[in-house]
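This report goes through a structural model part by part, beginning with a single residue and ending with the chain as a whole. Please keep the sequence and the coordinates at hand while reading.

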Amino acid sequence: MSGTNADLPGWTVVDEGWGRKAVDFSTLSEPSNCREYVALHHQLGVDAGSRLLDVACGSGLAIELARLRGASCSGIDASARLVAIARYRNPDCDIRVGDMYHLPWDDETFDVATSFRGIWGTTPDAVAEMGRALRPGGRLGLTVWGHLKVSPGAWALSPFRLAAAEKVENQAAMVSLGRPGVGERLLESCGFIDIERVNVPFAWEFPDPEIYARALASTGPAYEAIQNVGEEAFRSAALEQARQQVLDGVPLRAEINVVGYIARKPGGTE
Ligand SMILES: C[S@@+](CC[C@H](N)C(=O)[O-])C[C@H]1O[C@@H](n2cnc3c(N)ncnc32)[C@H](O)[C@@H]1O
């Protein structure tokens, strides 16, 4: 991403891409992720009294849903503008701007730690850091993109490939954690036990191609594509993809394969 300042840590540039259209992201893109949030919270037994940390929490809808189950929630994201919305939605929660590699909480603070498509093949050390912040017996839940090519809704992600070749390669490396055995090995190497791969429902829905194109443009990978081809070319490509998917009387719907992992930190009580 451009505009880097050598005095600032690398993670601070994340807001350039993820924060520039934070209101669009929080209202047009993030709401469709609710299926994923509800399913993983359920699998993890998030309940009244759970002390929960959401890493790469975006604009905080997952935190809001956990809070509605009675959990006491904290969160962290590198994008200051997404965090501002997460705090607005969850005024009593402890939500910080910061880096997933250096979580600003003490060891063994949380019962549950989640990250929804926030930990990637390119960011494995963040898992060990989540383990540090979990109490013994605490539960970890991660989601990552699964097998995208076979997903019926793969079309919805295809405009991201307009990014420069090295960014597209990096996007491919990022999604590697969903491959069979890869996430399991990572969790094991970070000391987790009772590792399970679980199915996670995921479907984006939009009223029409225009709203889809606007929602997609609000994301970090879209920013990489826009930097390469420009706003208008990105929008045209997104509209073209979506127009081919329109069906009468139903929303545009993109079901995408998402893999969930749940695991436990050894010791303590469940
Ligand atoms: C795919 S989004 C997922 C956001 C949110 N979990 C959701 O479900 O919509 C990835 C998120 O990771 C955040 N992020 C990227 N690098 C980060 C870092 N080093 N530390 C913390 N957050 C980071 C971005 O700002 C963005 O909100």
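## Tryptophan 105 and its surroundings

In this predicted model, tryptophan 105 has 18 other C-beta atoms within 10 Å, and because a residue counts as buried only from 20 such atoms upward and as exposed at 12 or fewer, tryptophan 105 is classed as partly exposed. Tryptophan 105 sits in the loop that runs between strand 3 (94–97) and strand 4 (110–116). When neighbours within four places in sequence are left aside, the contacts of tryptophan 105 are with Leu53, Ser74 and Ala133. As for alanine 22, 83 residues separate it from tryptophan 105 in sequence, and the C-alpha to C-alpha distance between the two is 25 Å.

## The shell around the ligand

Which residues come nearest to the ligand? Of the 19 residues around it, these are Ala56, Gly58, Ala78, Met100 and Phe116. The elements that contribute two or more residues to this shell are helix 1 (14–18) and strand 2 (72–77). By residue class, the shell around the ligand is made up of eleven nonpolar, four polar and four charged residues.

## Helix 10 against helix 11

Two packed helices are described by the angle between their axes and by the distance between those axes. For helix 10 (residues 220–229) and helix 11 (residues 231–243), the angle is about 120 degrees and the axes are 7 Å apart. The two helices, helix 10 and helix 11, are therefore oblique to each other. On the side of helix 10, the contact is formed by Ala222, Ala225, Ile226 and Val229, which meet Glu231, Ala233 and Phe234 in helix 11. The residues of this contact divide into six nonpolar, no polar and one charged.

The two sets of residues described above can be set out by class as follows.

| Set of residues | Nonpolar | Polar | Charged |
|---|---|---|---|
| Shell around the ligand | eleven residues | four residues | four residues |
| Contact of helix 10 with helix 11 | six residues | no residues | one residue |

## The chain as a whole

The protein chain contains eleven helices and nine strands, and its C-alpha atoms fill a box of roughly 55 × 45 × 35 Å along the principal axes. Its radius of gyration is 18 Å, which agrees with the value near 18 Å that a compact globule of 270 residues would have. Of these 270 residues, 45% count as buried. Among contacts between residues at least 6 apart in sequence, 77% join residues that are at least 24 apart.

Definitions and conventions
Residues numbered from 1 in each chain as written. Predicted model: local features only at pLDDT ≥ 70, side-chain atom pairs only at ≥ 80, totals over all residues. Helix = DSSP H or I, 4+ residues; strand = E, 2+ residues; numbered from the N terminus. Rg over C-alpha atoms; globule rule 2.2 N^0.38 Å. Contact = placed C-beta atoms within 7 Å. Axes fitted to C-alpha atoms, helices over the stretch in contact; angles between N-to-C directions. Parallel < 35°, antiparallel > 145°, perpendicular 65-115°, else oblique. Nonpolar A, V, L, I, M, F, W, Y, C, P; charged D, E, K, R; others polar. Near = placed C-beta within 6 Å.
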